[in-house]
Structures are given as structure tokens and as C-alpha cells.
Amino acid sequence: MAETSDTRTPAQIEADIKRRRAVLAETLDEIGVRVHPKTIVGDVKAKVVANVDHTLGRAYVQVNRAVTDVRAQFVDDEGAPRLERVLPVALVAVGLVGVLALGTRRRRR
């Protein structure tokens, strides 16, 4: 075995031990905070909120893209409505409303 020579004084060794104890105490305190149930619940809630925010953000982008695509079908580049596409859709919508209105009247009798 190789013998190691420690040239530190007993006071220096005691100071090193005190410093190491302080570091270990801080580490234990941090571990205690991390494993505390309130901290764990808070971390889980934060992750859920982040995931929900991310999902809502993606949904918003998808809806916005769909609305823009539909708008492009019914409005030209200058912002004027495309009557060749608006009129058939409007007629179908009026027809569906009429059919639904007649259907509810017949059920009431």
C-alpha cells in the first residue's frame, strides 16, 4: 500500500469536515423538498398545465388554418366574395334549415 502524506493541519481537516457537512446538509434539505408530497403534486400540476397549453396552442393553430382555408374558398385575393361558391352553399343552408323547420312542425302535431 502506498502511504499518502497529508500535510494539512488538524484545523484545516476540521474546516474541510465542516464544509462537507454543510454541503451534505444542504443536499439533504434539497432532497427533502423534492420528495415532499406538495412539491410532487405541484410538479405534476405544472406538467399537466404545460401539456394542456401546448395542446390548446396546437388546436388553435389547426382551427386557424382550417378557417383560413375555408375563407380562401369563398373569398378571392382582393377580399370580394366568390359568388359562384357562396350562392350554392347559401342555398343548401337555407334548404337544410327549411327541412329542419318543417320536420319539427310535423312532430308537434
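Aspartate 16 and arginine 19 are three residues apart in helix α1, so about one helical turn separates them. Their side chains meet in a salt bridge, with an N to O distance of 2.1 Å. This pair is a handy place to enter the structure, which is a predicted model. Aspartate 16 also takes part in a salt bridge with arginine 8, where the closest N and O atoms are 2.3 Å apart. Arg8, Asp16 and Arg19 are thus joined in a network of salt bridges.

The three members of this network can also be described by their accessibility. Arginine 19 has a relative accessibility of 51% and counts as exposed, because the cut-off for that class is over 50%. Arginine 8, at 37%, counts as partly exposed. Aspartate 16 is partly exposed as well, with a relative accessible area of 25%.

A search of the whole structure returns three salt bridges. Besides the two that involve aspartate 16, there is one between arginine 34 and glutamate 30, with the closest N and O atoms 2.6 Å apart. These two residues are four apart in helix α1, so they too are separated by about one helical turn. Arginine 34 counts as exposed at 56% relative accessibility, whereas glutamate 30 counts as partly exposed at 40%.

Turning to the overall architecture, the protein contains three helices and zero strands, and its pattern along the sequence reads α-α-α. Helix α1 covers residues 10-34 and helix α2 covers residues 37-74, while helix α3 spans residues 83-108. Confidence can be followed along the same elements. The average pLDDT of the protein is 89, and 92% of the residues score at least 70. Among the elements, helix α1 has the highest mean pLDDT, at 95, and helix α3 the lowest, at 87.

The dimensions of the model come next. For 109 residues, a compact globule would have a radius of gyration near 13 Å, but the protein has 36 Å. Along the principal axes, the C-alpha atoms fill a box of roughly 100 × 45 × 30 Å. The burial count adds to this picture: of the 109 residues, 0% count as buried. The protein exposes about 10,400 Å², and carbon and sulfur atoms supply 62% of that area.

Part of the surface forms a nonpolar patch of about 720 Å². The patch is made by Leu28, Ile31, Val35, Ile40, Val44, Val48, Val52 and Leu56. Helices α1 and α2 each supply at least two of its residues, and α2 gives the most, with five. Isoleucine 40, one of the patch residues, lies in helix α2. With a relative accessible area of 40%, isoleucine 40 is partly exposed. A residue needs over 30% relative accessible area to belong to a patch, so isoleucine 40, at 40%, passes that cut-off.

Taken together, the predicted model shows an α-α-α arrangement with a radius of gyration of 36 Å. Its charged contacts include the network of Arg8, Asp16 and Arg19 and the bridge between arginine 34 and glutamate 30. Its nonpolar patch draws at least two residues from each of α1 and α2.

Key:
Residues are numbered from 1 along each chain as its sequence is written. This is a predicted model: local features need pLDDT of at least 70, side-chain atom pairs count only at pLDDT 80 or more; totals for chains, interfaces and linings use all residues. Side-chain values use heavy atoms; hydrogens and water are left out. Patches are made of residues with over 30% relative accessible area and no salt bridge: like charges are joined within 9 Å, nonpolar side chains (Val, Leu, Ile, Met, Phe, Trp, Tyr) within 5 Å. Accessible areas come from the Shrake-Rupley method with a 1.4 Å probe; for residues, only the protein chains shown count as cover. A salt bridge is a side-chain nitrogen of Lys or Arg within 4 Å of a carboxyl oxygen of Asp or Glu. Buried means under 20% relative accessible area, exposed over 50%, partly exposed in between (1.4 Å probe, protein chains only). pLDDT is the predictor's confidence in each residue, from 0 to 100. The radius of gyration is taken over C-alpha atoms; the globule rule is 2.2 Å times the number of residues to the power 0.38.
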